[in-house]
Amino acid sequence: MNPADLPRELTSAPPPATDALLAAVRAVAQGPLQQQVEAIDRQGHYPRAVLQELAKLGAMSAHLDAPAGAGSYALAIQAMAEVSRVCGATGFMMWCQAVCGLYMQQSGNPALMGDVLLRHASGAGLGGTALSNPMKSYAQIESLLLKATPVEGGYLVNGTLPWVSNLGPDHYFGAIAAVTAGDAPATATGGAAAASREVMFLLRCDAPGVELRECPSFSAMEGTGTYGVRLKDHFIGAEEIMADPAKPYIARIRAAFVMLQCGMAVGVTQGAIDSMWAVESQLGHVNQFLEDRPDTLQAELDALTRRVLQLAETPFEPSAEFFIDVLDARAHGAELCLRAAQSALMHQGARGYLMSSEVQRRVRESHFVAIVTPAIKHLRKEIARLSAEEQPA
């Protein structure tokens, strides 16, 4: 039997509930999602029905605590990998939905932790994340693009985000704005405003002062519901606030945020390995001379997956050493994804150059895994900074 025909489990002995969920996710991925992959990639089709079906299964809320989810980051990563194995763009949207739920549940805001969160977990509500710019800002790569001015009862937010994914007219997402220096906000519990701080909030796409703008065409990401977002005097009040100030909150969730992305890397890499095995019977006699053969890549991927799932047991571990390990695993995943996709192209040969080829698509998806925030260069920069702080000269 061809190894590609064997269902690849991401753990050696998953408990029954985990096994059942992953089997259900696999059925969706290899059924209705597989039928739409080319439309997603080439025509910009947004697979809303598939995302909602995955949400109903609990695939995008598995990491959330009850009653919204099963409280398992490992399960959420495994589910994302099963989908990313078929379609990296949909795997990315799963991550967007998953971290938006993370923001809500960790906010401590009752207005976001009740019915709003349950609707999100069920797929009745769909959302994304606009933390690419803030994460780069905290790493001193770029400046914050949104500004929040304190007013009675909250803030007025202005600015433009060039692209935010998993959006639509009825969607929402988590965002961060720099609070302008001056008066303390009316929602503060006391004390003067900090000289420099940020506020994190839920931004609804259909709210007053919010405008979605079409983006240029994106490689491998056309069907991800990616828009530019312009805010003009958009008011946010207590019901939308996720964190104020935002930095301590981001420090608490940052490892979970990055860790969940490993599901994309694992899945796209596995899909690339599948493509290598698919041509082994015809081309193995010559492909044996290539580097990065499917069996060696599989062994490396399996070892990385075990490492990620072990890290997932303690997603809110606060130590710098733990976060360095998460960043390193994420970087390894991106680098392995690039190698596997490139090798799959070499294994497939000319057929991999057809625009309809899944190998051609995965090469582009692997590039996205490598550059989506935090990109490989961002990851390496943070690892170097944190390592220097842990081991001062």
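Are Phe-92 and Phe-368 buried or exposed? Both of these residues are buried. Keep in mind as you look around that this is a predicted model.

**A group of rings**

A good place to begin is with the aromatic side chains. The structure holds 4 aromatic pairs. One of them joins Phe-92 and Trp-95, and the pair counts as stacked because the planes lie at 20°, while under 30 degrees is the cut-off for that label. Phe-92 also pairs with Phe-368, this time edge-to-face. Here are the two pairs side by side:

| Pair | Centre to centre | Angle between planes | Arrangement |
|---|---|---|---|
| Phe-92 and Trp-95 | 6.0 Å | 20° | stacked |
| Phe-92 and Phe-368 | 4.7 Å | 70° | edge-to-face |

Where do Phe-92 and Trp-95 sit along the chain? They are found in helix α4 (residues 88-106), 3 residues apart, which puts about one helical turn between them. In an α-helix there are 3.6 residues a turn, so residues three or four places apart point the same way.

Phe-92 has a relative accessible area of 5%, and Trp-95 has a relative accessibility of 3%, so each of them counts as buried.

The pair of Phe-92 and Phe-368 brings together distant parts of the chain: Phe-92 belongs to helix α4 and Phe-368 to helix α13 (residues 358-371), with their positions 276 residues apart. Ring pairs connect Phe-92, Trp-95, Phe-257 and Phe-368 as a cluster.

**Helix α12**

Now follow the chain to helix α12, which covers residues 320-348 and has 29 residues. From first C-alpha to last, helix α12 reaches 42 Å, close to the 42 Å expected at 1.5 Å a residue. Just after α12 comes Gly-349, with a positive phi of about 70°.

Technical notes:
Residues numbered from 1 in each chain as written. Predicted model: local features only at pLDDT ≥ 70, side-chain atom pairs only at ≥ 80, totals over all residues. Heavy atoms only, no water. Helix = DSSP H or I, 4+ residues; strand = E, 2+ residues; numbered from the N terminus. Expected span 1.5 Å × (residues − 1). Phe/Tyr/Trp six-rings, centres within 6.5 Å; stacked < 30°, edge-to-face > 60°. Buried < 20%, exposed > 50% of the residue type's maximum accessible area, 1.4 Å probe, protein only.
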